[in-house]
Amino acid sequence: MKKISNVFWISVAIVLVAVLFGVLAPDTFETMTGNIQAFLTSAFGWYYLILVTVITIFCLFLIFSPVGAIRLGKSDEKPEFTRASWFAMLFSAGMGIGLVFWGAAEPLSHFLTPPLAEGGSNAAHKEALRYAFFHWGIHAWAIYALVALALAYFQFRKGEPGLISATLKPVLGKSMDGWLGTIVDVLAVFATVVGVATTLGFGASQINGGLSYLMGIPNNFTVQLIIISVVTVLFMISAASGLGKGIKILSNANMFLAVALLILMFIVGPTILTLNMFTDSLGGYIQNIIQMSFRIAPLNEEQRGWINSWTIFYWAWWISWSPFVGIFIARVSRGRTIREFMIVVLLLPSLVSFFWFAVFGNAAIEVQNAGAIDLSQFATEEVLFAVFGEYPMTTLLSIVAVVLVSTFFITSADSATFVLGMQTTYGSLTPPNRVKFTWGIAQSMVAIILLYSGGLQALQNALIAAAFPFSFIMLLMMVSLFRSLTREKKELGLYHKPKPRKKQTEVTRSNP
């Protein structure tokens, strides 16, 4: 028990109180989280938009900065994992269930209720994909990249423990070794538990939705409780096997299944339209990215409600997931240069997500336009399977999707138990199994309570509430990282080389 820090006991106590509150007073819990969510989105929507945009600019700046040559580790250190396994692990941890859950449902929702255009129009079709790209693109991955880079840099380059508090020492100094550092780490742990539990709730709902659509199994809390219980056993078995075995193998399996599902849907769906819309929407995303980044609609209540429900919700979602995903990405990125890290983490997952939404979003919108079935009548978790029902190979597509959600479910929970174990054992790279098991059970309990107390709405409310305090820590992490990198740039003499000046003889010849 010597490895276990105070962060563990404090965090477990807070999670236990939240779970008991949800069990004993579910209606009050939903109302309270709903009030907090409404206040934060209405009063601090502007803050979320500016914060995430600044983080994105900062990450893009690092790609072109001389500090991009700095390695996350010793100068001659080699990466621990191949690029393929590295990408598979960071993608599975960073997006996972969310892409399958929202791949068809989000573009369809934007098409029927767009932010600006008339619902169901061609303009709405374009907006639907453009905003899906926006919500799942560079901004989302920049949030992850900032936290991951700060952790990897201070841990592997500077020899600090792999804790969120350790990344703030250049700003807050030795206070991070005391009670203030404990508070920072507890906030990170709590945000991680709620963020991951929310996604586990989404995953359980979608597995239930798929089984309901395929086999007629009831779509209710009892079935979701059974699903979460079974998956909890599976991901704890995987967690016991360690990072290099369970998580790595599952992540590679995830990518194989995801690519298989993507290719199958691309072939049976509106292939040419998908390629055309992907190209057009990518151009629209690039052209409108600045406007979308700052759009808050202060004088239009309806449009502002849409932004609160989608953009602000997503920014809060990514922020709440950033401690977990950031710590995990940092752990598997040792030996990469900052430039390679930023290019891969920012751009490659974004492009994969863009094509995913083009394939599944276009398929859903085409089904809706055909008029044979109204997809809006289905629950969010059932939309994907209803879309499959209108295309060839329905059963195969549905089975692959259910298996994919299940493996993503296991990988996300597995990765989270590892990260939570690190954060509550002084940053240990090999946290004890008993600690990982404790957090595995805690995550599942929170997911169950959130579902029990109000379904997906309670999940979303709790998510935004948990993300807000951690956003201030992210601001300090950015300042801290910038200070440390600037100092190291001076020490290493990393400056842009000036362009060579023309020889004096050449200038003389050109002037008679």
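At 39% relative accessibility, Met 393 counts as partly exposed, because that value lies between the 20% limit for buried and the 50% limit for exposed. In this predicted model, Met 393 sits in the loop that links helix H15 (383-388) to helix H16 (394-423). Its backbone does something a bit unusual: phi is positive, about 60°, even though Met 393 is not a glycine. For background, most residues other than glycine have a negative phi.

Ala 297 pulls a similar trick, with a positive phi near 50° in a residue that isn't glycine either. It too belongs to a loop, this time the one between helix H12 (271-294) and H13. The surroundings are another matter, though. Ala 297 has a relative accessible area of 13%, so it is buried.

Moving on into helix H13, which covers residues 301-332, we come to Ser 322. With a relative accessibility of 0%, Ser 322 counts as buried, since the cut-off is under 20%. And what does Ser 322 touch, once residues up to four places away in sequence are set aside? The list is Ile 143, Tyr 144, Val 147, Ile 327, Phe 470 and Met 474.

Then there is the nonpolar core. The largest one has 170 residues, and the ones with the most contacts inside it are Trp 102, Ile 164, Phe 341 and Phe 360. Trp 102 is a handy one to look at in the structure. Leaving out neighbours within four places in sequence, Trp 102 is in contact with Pro 107, Trp 136, Phe 202, Trp 310, Tyr 314, Trp 317, Phe 357 and Thr 380. Two of the names just given, Trp 310 and Tyr 314, carry numbers that fall in the 301-332 stretch of H13.

Zooming out, the protein is built with 18 helices and 0 strands. Of its 512 residues, 59% count as buried. Contacts between residues 24 or more positions apart make up 83% of those with a separation of 6 or more.

How does the overall size fit with a compact globule? A compact globule of 512 residues would have a radius of gyration near 24 Å, and the protein has 23 Å, so the two agree. Along the principal axes, the C-alpha trace spans about 80 × 70 × 45 Å.

On the outside, the accessible surface adds up to about 20100 Å², and carbon and sulfur atoms account for 65% of that. As for charge, the protein has 32 positive and 24 negative charges, and the mean positions of the two sets are 20 Å apart.

Terms used. Residues numbered from 1 in each chain as written. Predicted model: local features only at pLDDT ≥ 70, side-chain atom pairs only at ≥ 80, totals over all residues. Heavy atoms only, no water. Core = buried A, V, L, I, M, F, W, Y, C linked by side-chain atoms within 4.5 Å. Buried < 20%, exposed > 50% of the residue type's maximum accessible area, 1.4 Å probe, protein only. Contact = heavy atoms within 4.5 Å. Helix = DSSP H or I, 4+ residues; strand = E, 2+ residues; numbered from the N terminus. Rg over C-alpha atoms; globule rule 2.2 N^0.38 Å. Areas by Shrake-Rupley, 256 points an atom, 1.4 Å probe, with all protein chains shown as cover. Lys, Arg positive; Asp, Glu negative; His and termini not counted. Charge placed at Lys NZ, Arg CZ, Asp CG, Glu CD.
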